[in-house]
Amino acid sequence: MDFNVKKLASDAGVFFTRAVQYTEEKLGQAEKTELDAHLENLIARADCTKNWTEKIFRQTEVLLQPNPIDQTGARIEEFFYEKLDKKIPSRITNAELLGQYMQDAAKDFGPGSPYGSTLITVGEYQKRLGGSEREFLQTSAINFLTPLRNFLEGDWKTISRERRLLENRRLDLDVCKARLKKAKLAEAKAAAEHELRVAQTEFDRQAEVTRLLLEGISSTHVNHLRCLHEFVEAQAAYYAQCHRHMQDLQKELSSANGDTFPNAFAVNASTSGVSAGPSPLSTGTQPGPSSPSRPPNPPNALESNTLKIEEVKPPATGTRKAKVLYDYDAADTSELSLLADELITVYTVPGMDPDWLIGERGNQKGKVPVTYLELLS
């Protein structure tokens, strides 16, 4: 290979003098030409834009592709397709995959069974959710991620290159200033003054080029603002579609199963011996260091509509004594307030929520939560 030795030596000499000048400036042994305030402000603004654009870009990528492993694989795949100048294939989303699994499972469970037919319905809507997600990902990538990436990989690289060149011109200018100060002979001073004029011209020209590029950051902000609006619109449309799909799914499940659908779980629980709370005939809850949370009010329609505390009569058999474990404040007139360590009589009535009992203390009567009691023999 044919090397230009003179040019190589010249470049090495320039690099060395710049390094010496930079080091002396850092040590306070040489003067440094400061940029004007306007240019310094433009540089600071550009750095701020780059840093935050990069963070927003990376975090948006995480939002659209949460799994880091999948994200890395997707980037590699996109890189190869870009190099081959081919269209990137559409990837199946997690919701679409879940929907496919549900529908495949329904084939084995029996599509005519209640569980199988519901799996088919839910699976179909999961696929619709996945399709909406894929459309949102594609739209966001084109309208939001791509402009941010173009700025970081295009405009910012150009700005960085011109800023490095400006710094080199500034170092060359300060080297020439230092040579002029050190020149003793008239001939040496004349040569140093000529070099200084040339260095000053090149520095001023590069400062103007850099300033024009940095002022273009304002246009970048306007472009990114438009892209941000498009991203928000795509996100709003995506969530609206998801909400609409889920409402349609709930309506379809409700019409397919009727009013008995919510009660199916309660029937299964009663037949399998599992209940939402302790049975009124159980041995009771063991005392603990702190009181349990207040149980929810009974949702049973029979109890809320027909059960009137003042009309409830204790059964001939089935009443028990119970020790109160914790203080309890009644939420309404249908409940009975309790004091820790007192004894009350409790019993249940048909149609009552298993988390509650009827408690009596003398002439007082009301509903009491089972979890606050220790049932005695």
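Is Leu225 buried, partly exposed or exposed? In this predicted model, Leu225 counts as partly exposed, because its relative accessibility is 48% and the class of exposed residues begins only over 50%. Leu225 is found in helix H7, and its C-alpha atom is separated by 9.7 Å from that of Phe144, a residue 81 places away along the chain.

**Overall make-up**

The protein chain contains 9 helices and 5 strands, and their order from the N terminus is α-α-α-α-α-α-α-α-α-β-β-β-β-β. Of its 377 residues, 31% are buried, while the chain as a whole exposes about 24300 Å², of which carbon and sulfur atoms supply 57%. Among the contacts with a separation of 6 or more, 70% are made by residues that lie 24 or more positions apart.

**The helical core**

In soluble globular proteins, nonpolar side chains tend to be buried together. Here the largest nonpolar core has 30 residues, and the members that touch the most others are Leu39, Phe136 and Leu214. At least two residues of this core come from each of helix H2 (37–64), helix H5 (114–182), helix H6 (186–215) and helix H7 (217–257), with H5 giving the most, namely 12 residues. When its neighbours within four places in sequence are left aside, Phe136 is in contact with Leu64, Phe231, Ala234, Gln235 and Tyr238. Apart from this core lies another one, of 22 residues, which includes Val312, Tyr328, Leu338 and Tyr372.

Thr60 has its place in helix H2 and counts as buried, because its relative accessibility of 8% falls under the 20% limit. With neighbours within four places in sequence again set aside, Thr60 is in contact with Phe144, Leu145 and Phe231. Phe231 thus appears both among the contacts of Thr60 and among those of Phe136.

Helix H6, with its 30 residues, reaches 43 Å from its first C-alpha to its last, which is close to the 44 Å expected at 1.5 Å a residue. Its buried residues are Ala192, Leu196, Ala199, Phe203, Gln206, Ala207, Thr210 and Leu214, and Leu214 is also one of the members that touch the most others in the largest nonpolar core.

**Accessibility of selected residues**

The table places the two residues discussed above beside two cysteines.

| Residue | Relative accessible area | Class |
|---|---|---|
| Leu225 | 48% | partly exposed |
| Thr60 | 8% | buried |
| Cys48 | 42% | partly exposed |
| Cys227 | 1% | buried |

Cys227 is classed as buried because its value of 1% is under 20%, whereas Cys48, at 42%, is partly exposed because it falls between the limits of 20% and 50%. The count of disulfides in the model comes to 0.

**The strands**

Strand S2 (residues 343–347) is mostly covered, with 4 of its 5 residues buried. S2 takes part in two pairings: strand S1 (residues 320–324) runs antiparallel to S2 and is joined to it by 4 bridges, and strand S3 (residues 356–361) pairs with S2, likewise in the antiparallel sense, over 3 bridges. In the pairing of S1 with S2, Lys321 stands opposite Thr345 of S2, while in the pairing with S3 the bridge partner of Tyr347 is Ile358.

Technical notes. Residues are numbered from 1 along each chain as its sequence is written. This is a predicted model: local features need pLDDT of at least 70, side-chain atom pairs count only at pLDDT 80 or more; totals for chains, interfaces and linings use all residues. Side-chain values use heavy atoms; hydrogens and water are left out. A nonpolar core is a set of buried Ala, Val, Leu, Ile, Met, Phe, Trp, Tyr and Cys residues joined through side-chain atoms within 4.5 Å. Buried means under 20% relative accessible area, exposed over 50%, partly exposed in between (1.4 Å probe, protein chains only). Contact means heavy atoms within 4.5 Å. A disulfide is a pair of cysteine sulfur atoms within 2.5 Å. The expected span of a helix is 1.5 Å times one less than its number of residues. Two strands pair if DSSP finds at least two bridges between them. Accessible areas come from the Shrake-Rupley method with a 1.4 Å probe; for residues, only the protein chains shown count as cover.
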